[in-house]
Amino acid sequence: KILVVYSGAKDVPSRGAQALFSALTQAGKLGRYEAQPKAVPFLDAKTFRALLDAEQPRVIFLAPELDEATTIELVEVASTVTAVTISGVAEHVRLGAVLGFSLVEARPRVLINLKQAQRKKISFLSGLVSHSVVVDR
């Protein structure tokens with residue numbers, strides 16, 4: 001399962017969350033695994049924790065519109081589960097998301113928060129790490 005997390009009203013996903021959800025749905029797979037995306041709001045830590053317990057996702061995508069305070073709170077709650085947190089916003093990786101992407105001079109770059117990955121007992125192949133930018137929180 002893949003959760004696409006946005007902040008705000010319960011039934012109104014942000015534009016970024018909608019775009020992520022649509023892309024995952026159209027792709028049908030994430031790597032070799034079947035994608036089962038679900039757009040969910042981040043209302044508060046307690047509600048999100050209950051959602052993580054119920055859904056048991058493998059991946060948590062952070063919508064690009066999440067602000068700093070929400071991202072920090074979301075990452076803190078998500079640190080208690082093994083799901084990989086991913087964002088297309090470099091600042092989210094600095095705030096604790098495990099994996100991210102950014103564009104530098106029109107070239108994509110993979111960002112890894114190695115400390116957060118180690119806390120969650122997530123390991124990456126050395127080839128990926130050597131070609132990535134390591135960001136620590």
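These legends accompany close-up views of a predicted model.

**View 1. The open sheet and its edges.** Let's start with the overall frame: 7 strands make up an open sheet with mixed pairing, and their order is β4-β1-β5-β6-β7-β8-β9. The edge positions belong to β4 (37-42) and β9 (133-134); each has a single partner strand, so one side of each is left without a neighbour in the sheet. Helix α3 (residues 68-78) packs on this sheet and touches β1 (2-7), β4, β5 (59-62) and β6 (84-87). The direction of α3 makes about 175 degrees with that of β5.

**View 2. The β7 and β8 pair.** Here we zoom in on strand β7 (residues 99-104) and strand β8 (residues 107-112), which run antiparallel and are joined by 6 bridges. To find your way along the pair, look for Ser102, whose bridge partner in β8 is Arg109.

**View 3. Leu3 and its surroundings.** Leu3 sits in strand β1. With a relative accessibility of 1%, Leu3 counts as buried, because the cut-off for that class is under 20%. Beyond its neighbours within four places in sequence, Leu3 is in contact with several residues, including Lys38, Val40, Leu51, Leu52 and Glu55. Pro57, Val59, Ile60 and Phe61 are also among the contacts of Leu3. Val59 is a nice example of a partner from elsewhere in the chain: 56 residues separate it from Leu3 in sequence, while the C-alpha to C-alpha separation in space is 6.4 Å.

**View 4. β5 beside β6.** Staying with Val59, we can follow its strand to the next one. The pairing of β5 with β6 is parallel and runs over 4 bridges, and Val59 stands opposite Val84 in β6. In a regular strand, side chains alternate between the two faces of the sheet. Along β6, Val84 and Ile86 point one way, whereas Thr85 and Ser87 point the other way. All of these β6 residues are buried.

**View 5. The largest pocket.** Rolling a probe the size of a water molecule over the atoms shows where empty space is left. The volume of the largest pocket comes to about 560 Å³. Its lining counts 19 residues, and those nearest the centre are Leu30, Tyr33, Arg58, Val59 and Val84. Two or more lining residues come from each of β3 (33-34), β5, β6 and β7. Sorted by class, the lining of this pocket holds 14 nonpolar, 2 polar and 3 charged residues. Val59 and Val84, the opposite residues of View 4, thus meet us again here, among the residues nearest the pocket centre.

Technical notes:
Residues are numbered from 1 along each chain as its sequence is written. This is a predicted model: local features need pLDDT of at least 70, side-chain atom pairs count only at pLDDT 80 or more; totals for chains, interfaces and linings use all residues. Side-chain values use heavy atoms; hydrogens and water are left out. Two strands pair if DSSP finds at least two bridges between them. Contact means heavy atoms within 4.5 Å. Axes are lines fitted to C-alpha atoms, for helices over the stretch in contact, and angles run from 0 to 180 degrees between N-to-C directions. Buried means under 20% relative accessible area, exposed over 50%, partly exposed in between (1.4 Å probe, protein chains only). On a 1 Å grid over the protein atoms alone, a cavity is a set of points where a 1.4 Å probe fits but cannot get out, and a pocket is an open set with protein on both sides within 12 Å along at least five of seven lines; lining residues have an atom within 4 Å of a point. Grid points are joined across faces, edges and corners, and a volume is the space filled by probe spheres set on the points. Ala, Val, Leu, Ile, Met, Phe, Trp, Tyr, Cys and Pro count as nonpolar, Asp, Glu, Lys and Arg as charged, and the others, Gly among them, as polar.
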